[in-house]
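Got the viewer open and a hand free for the selection box? Let's walk through this one stop at a time.

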Amino acid sequence: MHPGITRCSFCDAEMDRFFANYPNCVCRECEKRTVNSENKVPDFNTFFDSGDNPIFIDGIKCWRRYKFGGFVTMRDLHDCSTLEEFYRKAYNRNREERFNESASKAARRGPREIETGTDTEEVQSSRSVEVVQSISARR
Ligand SMILES: [Zn+2]
């Protein structure tokens, strides 16, 4: 599996980066085969961001996250009984991967550039004024 590329958990099709945040996501083509527990096209309500769950693709249990009038379908690898359980297990599975990823990102980041201020120049010019003043005072 190529890192950084999100693939459909059913057909292995390459998916938009957006889906990287969703575990075991399903592409729009495979979603077309989705049925609910009554073997019908899943129903959802865009006003309440809710709908049928779990749902099934090729007889395999999946969960849908309904939001913003749409949804993301995710394949259940743990035979969970609720969407919350699915999230919890998927989260635990991804946590270590994410931790490793962020650790390697931090290592790639170089040391911060040292900021160079203009203080020195200002100090020098004010000193030269003092010198001029002291010279004129001597006269
Ligand atoms: Zn697919």
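Is Asn39 buried or exposed? Asn39 counts as exposed, because it has 7 C-beta neighbours inside 10 Å and the limit for that label is 12 or fewer. Keep in mind as you click around that this is a predicted model.

**Stop 1: around Asn39.** Asn39 sits in the loop between helix H1 (28–31) and strand S3 (44–45). Check its backbone while you're there: phi is near 65°, a positive value in a residue other than glycine.

**Stop 2: zoom out.** Colour by secondary structure and you should find 3 helices and 7 strands. Going along the sequence, the pattern reads β-β-α-β-β-β-β-β-α-α. The chain has 139 residues, and 14% of them are buried. Take the contacts between residues at least 6 apart in sequence: 25% of these join residues at least 24 apart.

**Stop 3: the sheet.** Now select 55–57, which is strand S5, then 60–67 for S6 and 70–75 for S7. These 3 strands make an open sheet, ordered S5-S6-S7, with antiparallel pairing. S5 and S7 are the edge strands; each has a single partner strand, so one side of each has no neighbour in the sheet. From one strand to the next, the twist averages 40°.

Look at the S6 and S7 pair by itself. The two run antiparallel and are joined over 6 bridges. Show side chains for a couple of cross-strand pairs: Arg64 is opposite Thr73 in S7, and Arg65 is opposite Val72 in S7. As a reminder, side chains in a regular strand alternate between the two faces of the sheet.

**Stop 4: the turns.** S6 and S7 form a hairpin with 2 residues between them, and Phe68 in that turn has a positive phi of about 55°. Next, select Asp58 in the loop between S5 and S6. Its phi is near 55°, again a positive value in a residue other than glycine. Asp58 is exposed, because it has 10 other C-beta atoms within 10 Å.

Step back to Pro54, in the loop between strand S4 (50–51) and S5. Which way does the peptide bond from Asn53 to Pro54 go, cis or trans? That bond is cis, with omega near -10°.

**Stop 5: Phe44.** Phe44 belongs to strand S3. It is partly exposed, with 18 other C-beta atoms within 10 Å. Leaving out neighbours within four places in sequence, Phe44 is in contact with Ser50, Gly51, Asp52, Tyr66 and Phe71. Try a distance on one of these: Phe44 and Tyr66 are 22 residues apart in sequence, yet 7.9 Å apart from C-alpha to C-alpha.

**Stop 6: the core.** Finish by selecting Cys8, Phe10, Cys25, Val26, Cys27, Ile55, Cys62, Trp63, Met74, Phe86 and Ala90. Together these 11 residues are the largest nonpolar core. S6 and helix H2 (83–108) each supply at least two of its residues. In soluble globular proteins, nonpolar side chains tend to be buried together.

What does Met74 touch, not counting residues up to four places away in sequence? Its contacts are Tyr22, Pro23, Asn24, Cys25, Val26, Cys62 and Trp63. Show those as sticks, and that's the tour.

Technical notes:
Residues numbered from 1 in each chain as written. Predicted model: local features only at pLDDT ≥ 70, side-chain atom pairs only at ≥ 80, totals over all residues. Pairing = 2+ DSSP bridges. Helix = DSSP H or I, 4+ residues; strand = E, 2+ residues; numbered from the N terminus. Axes fitted to C-alpha atoms, helices over the stretch in contact; angles between N-to-C directions. Buried ≥ 20, exposed ≤ 12 C-beta atoms within 10 Å, placed from the backbone. Core = buried A, V, L, I, M, F, W, Y, C linked by C-beta atoms within 7 Å. Contact = placed C-beta atoms within 7 Å.
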